[in-house]
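Me: I am new to this structure and would like to understand the words people use for it. Could you walk me through it?

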Amino acid sequence: MIEVQHLTQRFGDFTAVDDLSFDVRPGEVLGFLGPNGAGKSTTMKMITGFLPPTSGRVRIFGEDIARQPVAVKQRLGYLPEGAPAWGEMTVLGFLRFIGAVRGLSGNALSQRLQQVVAQTELQEVLRQPVHTLSKGFRRRTGLAQALLHDPDILILDEPTDGLDPNQKQQVRDLISNLAEDKIVIISTHILEEVSAVCSRAMIIARGRKVADCTPAELEAKSRYHQAVAVRFQQPVQAAAVFAALPGVTEVDEMENGRSYLLLPQPGARLYHDVSEVIDRHGWQVDTLHIERGRLDDVFRQLTGI
Ligand SMILES: Nc1ncnc2c1ncn2[C@@H]1O[C@H](COP(=O)(O)OP(=O)(O)OP(=O)(O)O)[C@@H](O)[C@H]1O
Ligand SMILES: [Mg+2]
């Protein structure tokens with residue numbers, strides 16, 4: 001497992017990562033969320049041993065990365081921010097080179113190459129120099145590089161950044177499939193991605209951990225958690241009726257009375273009363289549903305933006 005203890009990074013007077021501690025176990029997919037400059041990438045660089053911490057330490061399967069860098073890095077795959085270096089190499093040349101650095105050769109290398117090229121759908125660009133690739137293909141080349149030696153731990157800094165919607169979905173599926181026996185840490189700005197692939201979400205703001213829970217628990221912190229959204233077939237004057245229901249704190253009217261959003265008091269369950277009052281008035285409903293909560297709302301609340 002990964003043990004992060006009091007990890008801190010200072011650049012001059014500025015503290016980018018501030019006394020961060022947490023553990024991650026096999027099977028977990030941990031998502032780092034946080035505003036630009038929060039310290040996500042810096043934390044990942046310290047976990048992977050690319051940046052020595054100012055203080056604190058990282059242990060991976062019991063080994064201190066600062067003391068056993070080579071042994072520990074063999075068990076790590078890392079997709080850094082941005083594009084792979086060595087842009088003059090072809091994709092295939094680059095992946096072969098990385099494979100060699102990782103100690104793979106012969107059949108084992110060919111097999112792994114075939115596998116990761118298929119997983120990241122790089123077939124059509126294998127002979128192209130990396131610097132001529134589109135952003136999405138560069139990202140996928142970086143991802144292939146991280147997967148090549150089939151590491152126990154994957155640290156992926158914004159793995160779906162720049163990918164088209166189909167590829168985003170494919171990479172999310174790939175991460176979910178890999179995750180069963182591995183430790184995966186990803187960072188992302190796509191909040192839905194956390195619900196889609198992560199078993200655990202950590203929000204970082206100004207270098208500090210401000211939330212660490214499951215995506216569902218994060219959604220439950222939203223004022224929209226258990227809100228009831230209704231859309232009628234035609235506009236209806238329902239605001240006063242909804243506002244009078246027990247447990248309703250706010251009624252938002254949209255589309256000139258065609259849709260409404262009812263926010264609950266903490267813990268209140270509104271659905272039953274709402275559907276009853278709609279039936280009683282004979283209002284014709286187009287859609288009626290309960291909201292899970294909105295991660296963007298929780299994110300704003302916790303990061304103070
Ligand atoms: N080498 C460095 N020297 C000085 N400051 C740095 C250095 N590396 C990072 N920083 C600063 O540390 C802070 C955290 O940066 P980091 O890249 O970790 O943020 P992030 O959470 O990954 O942001 P983003 O969402 O934009 O990728 C930023 O204010 C950044 O400018
Ligand atoms: Mg970053």
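Reply: Gladly! Let us start with pairing: two strands count as paired if DSSP finds at least two bridges between them. In this predicted model, one such bridge joins Leu156 to Ile186 in S8.

Me: What makes S7 and strand S8 (residues 183-187) a pair?

Reply: At least two bridges are needed, and S7 and S8 have five, in the parallel sense. They therefore meet the definition of a pair. S7 also has a parallel partner in strand S6 (residues 76-79), with four bridges between them. There, Leu79 has Leu156 of S7 as its bridge partner.

Me: Why is strand S7 (residues 153-157) called largely enclosed?

Reply: A residue is buried if 20 or more other C-beta atoms lie within 10 Å of its own. Five of the five residues of S7 are buried, so the strand is largely enclosed by the rest of the structure. Both faces are covered: Ile153, Ile155 and Asp157 lie on one side, Leu154 and Leu156 on the other.

Me: How do you know that helix H1 is largely enclosed too?

Reply: The cut-off is again 20 or more other C-beta atoms within 10 Å. Seven of the eight residues of H1 are buried, so the helix is largely enclosed by the rest of the structure. The buried ones are Lys40, Thr42, Thr43, Met44, Lys45, Met46 and Ile47. Just after H1 comes Gly49, with a positive phi of about 80 degrees.

Me: Which residues are around ligand 1, and what does H1 give to that shell?

Reply: A residue belongs here if its C-beta atom, placed from the backbone, lies within 6 Å of the ligand. Those around ligand 1 are Phe11, Ala16, Gly34, Asn36, Gly37, Ala38, Gly39, Lys40, Ser41 and Thr42. Helix H1 (residues 40-47) gives the most to this shell, with three residues. By type, the shell has three nonpolar residues, six polar and one charged.

Me: What makes strand S2 (14-24) and strand S5 (63-64) edge strands?

Reply: Each of them pairs on one side only. Their open sheet has four strands in the order S2-S1-S4-S5, with antiparallel pairing. Within the sheet, five bridges join strand S1 (residues 2-11) to strand S4 (residues 55-60), and Thr8 stands opposite Ser55 in S4. H1 packs on the sheet and touches S1, S2 and S4, its direction making about 120 degrees with that of S1.

Me: Why do strand S12 (248-254) and strand S14 (285-290) stand at the edges of their sheet?

Reply: Each has a single partner strand, so one side of each is left without a neighbour in the sheet. This open sheet runs S12-S13-S11-S14, with antiparallel pairing. Its neighbouring strands are turned by 15 degrees against each other on average, direction ignored. S14 is joined to strand S11 (residues 228-232) by five bridges, and in S14 the partner of Arg231 is Thr287.

Me: How many residues does each domain bring to the contact between domain 1 and domain 2?

Reply: The domain assignment gives domain 1 (2-220) and domain 2 (228-303), with C-alpha centres 40 Å apart. The contact takes twelve residues from domain 1 and eight residues from domain 2. On the domain 1 side, helix H7 (191-197), strand S9 (200-205), strand S10 (208-213) and helix H8 (215-220) each supply at least two residues. H8 gives the most to that side, with three residues. That side of domain 1 divides into ten nonpolar residues, one polar and one charged.

Conventions. Residues are numbered from 1 along each chain as its sequence is written. Chains are lettered from A and ligands numbered from 1 in the order in which they are written. This is a predicted model: local features need pLDDT of at least 70, side-chain atom pairs count only at pLDDT 80 or more; totals for chains, interfaces and linings use all residues. Ala, Val, Leu, Ile, Met, Phe, Trp, Tyr, Cys and Pro count as nonpolar, Asp, Glu, Lys and Arg as charged, and the others, Gly among them, as polar. Domain bounds come from an automatic or database domain assignment. Two residues are in contact if their C-beta atoms, placed from the backbone, lie within 7 Å. Axes are lines fitted to C-alpha atoms, for helices over the stretch in contact, and angles run from 0 to 180 degrees between N-to-C directions. A residue is buried if 20 or more other C-beta atoms lie within 10 Å of its own, exposed if 12 or fewer, and partly exposed in between; C-beta atoms are placed from the backbone.
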